[in-house]
Structure formats: structure tokens, C-alpha cells
Amino acid sequence: MKEFTKDIVIGTDVVGHPIYITKYTIDSEKPGKTVYVQGGIHGGEITLHMIRDIYNYVKENITEGKVFFIPFANPFGWGQKAYTYTVGKFNYKTGEDFNRTFGSNSAGNTSVQIAKAILKECEEEKIDFAVDLHTAHTSFPHTISFSENDLDLIKISNIEYNRLCYNSEEYKTTLNYQLTKRGINNFTIECGSHDSIEKDYQKQVVEGVLNVLNKLNICKFTQTLKPTNQVVFSKATTYFAECGGIVEFNFELGEHFKKGDVLFTIHPANLQEESHKQLAEFDGVIFRYTKTHIYNAFDEVMRVFKNEDLKQI
Ligand SMILES: [Zn+2]
């Protein structure tokens with residue numbers, strides 16, 4: 001086994017410093033599959049603690065193949081601070097989501113060049129599988145994939161909730177979609193909440209990835225978590241704020257609600273106006289909500305799925 005690093009240099013910044021991302025490789029020096037583990041394409045989405053767990057396990061236990069890691073795929077996003085909050089999702093110059101730059105033909109900017117460099121690494125390494133780690137506002141672990149061909153590995157991961165998006169315009173220039181387009185098995189894991197470390201979620205994600213590495217014969221791993229009742233869903237319903245105001249949530253993340261329940265209440269600034277109650281239109285579960293109580297009209301408040309859309313896998 002050998003481990004090594006490579007700085008992938010994209011160019012220089014205004015003061016002449018190199019703009020680069022660092023790739024860490026653990027190579028068994030024996031034939032086998034090649035896997036890519038990515039994190040940090042969005043600033044503020046904390047996944048390093050999970051990547052370190054995976055890295056350390058693989059380093060101790062690799063038997064064949066190779067795994068490479070880029071824990072911070074986008075150095076720009078991590079520098080975007082507003083007070084103590086790391087914004088990190090959109091390029092300030094172009095307004096682009098940092099994970100909407102993959103497969104882009106635009107000559108673009110440094111973010112597009114980083115995306116090109118990452119795809120080039122994936123192609124040159126002839127990867128067999130990739131996992132891209134993200135977090136989503138306030139959320140719990142769930143996978144996102146674009147092909148039913150990935151469901152076998154998703155099933156091995158033991159992650160309970162799994163979103164399968166078909167031909168979604170919204171995600172066409174993500175790493176996830178671009179790898180699927182190249183016939184490479186992969187999925188994204190939304191690992192939990194923005195700027196949070198949640199021990200339970202950490203364990204679910206780390207074991208999820210190691211389960212897949214075990215299946216790909218890279219290292220032996222026996223899961224300690226109980227098998228989950230895995231479900232897949234394709235559609236998500238988003239609730240937006242009907243008016244501006246302060247939002248009070250009536251349900252916790254992951255909680256089941258019934259048609260007619262009050263999901264959240266918006267207290268408008270106008271003291272003479274009644275508070276607005278958002279009623280559920282069906283039975284479902286909340287899988288993410290925005291980490292704030294402060295809303296303008298039309299801001300996204302929460303995403304839910306319908307119970308009837310959940311299919312066992
Ligand atoms: Zn993200």
C-alpha cells in the first residue's frame with residue numbers, strides 16, 4: 001500500500017499564488033476497482049470528519065484497487081463568509097451554483113476549470129464508482145442518483161432514504177449527472193445539515209460508503225448499524241412562504257405528517273393580519289428545511305415527500 005498527494009493546479013490568483021485542489025490517494029498497488037470520494041464542492045457543507053473516517057479505515061484495510069479523495073473540491077466557496085456563516089454555494093461573480101459547472105462548455109472561470117480538472121481526473125483514473133458528499137440546510141442523510149443502475153450499490157449502502165431523479169434539468173451540470181452520463185456508477189449523499197456535526201449521521205454515511213467499498217472488494221467491512229428499511233422516491237414537494245414573516249415550524253425533520261396538519265405558521269409583520277397556516281396537502285415526511293425562521297414571500301421553507309411516492313428497494 002502507498003499513499004500520496006497531488007496538487008491539481010488550475011492557475012494563479014491576483015497575487016500570484018496557485019489556485020489548486022489537493023487529491024489524496026490510497027493505492028493498494030494491486031489490481032482492482034478505483035473509487036473517487038469527493039466533498040466540499042459547496043463551502044460550509046461539513047463532510048471532512050466523515051471523509052477522514054473513510055480515509056483512515058481504507059488506509060488500514062485496503063486489499064485491492066485504489067481510492068482517491070478530494071475533501072475540498074472548491075476552495076472559493078470556503079472563503080465566502082458573512083459574519084460567522086460560510087455561504088459557499090454560489091459563485092459571487094457569476095451567480096452560478098458551484099455544483100452546476102460540471103460538463104459546462106463555457107470557457108468560464110476558475111470554478112468551471114476546477115470542474116473540468118475533476119472530470120479529467122475521473123476519466124484518466126478510469127473510476128468505477130464515485131460518491132459526492134454534501135449537506136442540505138437542515139436535513140438527514142439521503143442519497144441522490146440519476147440512474148436505476150446505481151440502485152444496487154445504494155441498496156448496499158444501507159442509507160434509508162434515496163432520491164432517484166430522472167432527467168432533471170436542474171441537475172444536468174452536477175458531478176453526479178455528468179458521471180452518470182459517462183456510464184460511471186455514482187451517487188451523491190446529502191449527509192445532514194449545513195455547518196453541523198451529527199454523530200449519528202456521521203456513522204450512517206461512513207458505514208454507507210464503507211459498505212460500498214466492501215462490495216467493490218477494496219476493503220473488508222462489516223456494518224455495525226442495523227439494516228434499514230430502504231425506500232426510494234423520485235418526486236419532492238417544495239413549500240414556499242406565501243408571505244414574508246417569521247416562520248414557526250410545527251414538525252421536526254423526519255417527522256411524519258398527515259393531510260390537513262399545519263406544517264408551519266408564518267407570522268407576518270402586519271400586526272393586524274392573521275398568522276398564515278400552511279396545511280399539508282397529503283400524508284408525508286419532511287426531509288429538509290431551510291435553516292432559518294426568517295422568510296420573504298416565495299422563499300423555500302421545506303421539502304417533503306409523499307408517503308405514497310415511497311417505494312421499497
Ligand atoms: Zn451541496
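Modeller: Before we start: helices here are DSSP runs of H or I with at least four residues, strands are E runs of at least two, and both are numbered from the N terminus. Also, this is a predicted model.

Biologist: Got it. Which helix is the place of Met50?

Modeller: Met50 counts as buried, with 26 C-beta neighbours inside 10 Å. As for its place, that is helix H1.

Biologist: How far apart in space are Met50 and Gln202, C-alpha to C-alpha?

Modeller: Leaving aside neighbours within four places in sequence, the contacts of Met50 include Gln202, Val205 and Val206, along with Leu133 and Cys191. Along the chain, Met50 and Gln202 are 152 residues apart. In space, though, their C-alpha atoms are separated by 5.9 Å.

Biologist: Let's look at H5 then. What should the 17 residues of helix H5 span?

Modeller: H5 covers residues 199-215, and the rise is 1.5 Å a residue. The expected span uses one less than the number of residues. The end C-alpha atoms are 24 Å apart, which agrees with the expected 24 Å.

Biologist: What covers the buried residues of H5?

Modeller: Plenty of H5 is buried, including Tyr201, Gln204, Val205 and Val206, then Glu207 and Leu213. The cover includes two helices, H1 (48-61) and H3 (151-157), plus strands E3 (34-39), E7 (129-134) and E11 (185-190).

Biologist: Which residue just after H5 takes a positive phi?

Modeller: H5 runs over residues 199-215. Just past its end, a phi of about 65° belongs to Asn217.

Biologist: Now Lys126: is it buried or exposed?

Modeller: Lys126 sits in the loop between helix H2 (110-124) and E7. Its phi is near 50°, a positive value in a residue other than glycine. The cut-off for exposed is 12 or fewer C-beta neighbours. Lys126 has 9 inside 10 Å, so it counts as exposed.

Biologist: On to the strands. How many bridges join E1 to E2?

Modeller: Strand E1 (residues 2-12) and strand E2 (residues 18-27) run antiparallel, with Ile8 standing opposite Ile21. Their hairpin has five residues between the strands, and Gly16 takes a positive phi near 90° there. The bridge count for E1 and E2 is ten.

Biologist: What is the bridge partner of Asp27 in E4?

Modeller: E2 also joins strand E4 (residues 66-70), running antiparallel, through four bridges. In that pairing, Asp27 is bridged to Lys66.

Biologist: Which are the edge strands of the open sheet of four strands?

Modeller: The order is E17-E16-E14-E19, with antiparallel pairing. An edge strand pairs on one side only, and that picks out E17 (276-279) and E19 (294-295).

Biologist: Which residue of E19 is the bridge partner of Gly245?

Modeller: Strand E14 (residues 245-249) and E19 pair in the antiparallel sense over two bridges. In E19, the partner of Gly245 is Tyr295.

Biologist: What is the phi of Phe298?

Modeller: Phe298 lies in the loop between E19 and strand E20 (300-306). Phe298 is exposed, with 10 other C-beta atoms within 10 Å. For a residue other than glycine its phi is positive, near 75°.

Biologist: Last one: how far apart do the C-alpha centres of domain 1 and domain 2 lie?

Modeller: The domain assignment gives domain 1 as 2-232 and domain 2 as 235-312. Across the boundary, 13 residues of domain 1 touch eleven residues of domain 2. Strands E8 (138-139), E10 (161-164) and E12 (231-233) each supply at least two residues of that side of domain 1. The two C-alpha centres are separated by 29 Å.

Conventions
Residues are numbered from 1 along each chain as its sequence is written. This is a predicted model: local features need pLDDT of at least 70, side-chain atom pairs count only at pLDDT 80 or more; totals for chains, interfaces and linings use all residues. A residue is buried if 20 or more other C-beta atoms lie within 10 Å of its own, exposed if 12 or fewer, and partly exposed in between; C-beta atoms are placed from the backbone. Two residues are in contact if their C-beta atoms, placed from the backbone, lie within 7 Å. Two strands pair if DSSP finds at least two bridges between them. Domain bounds come from an automatic or database domain assignment.
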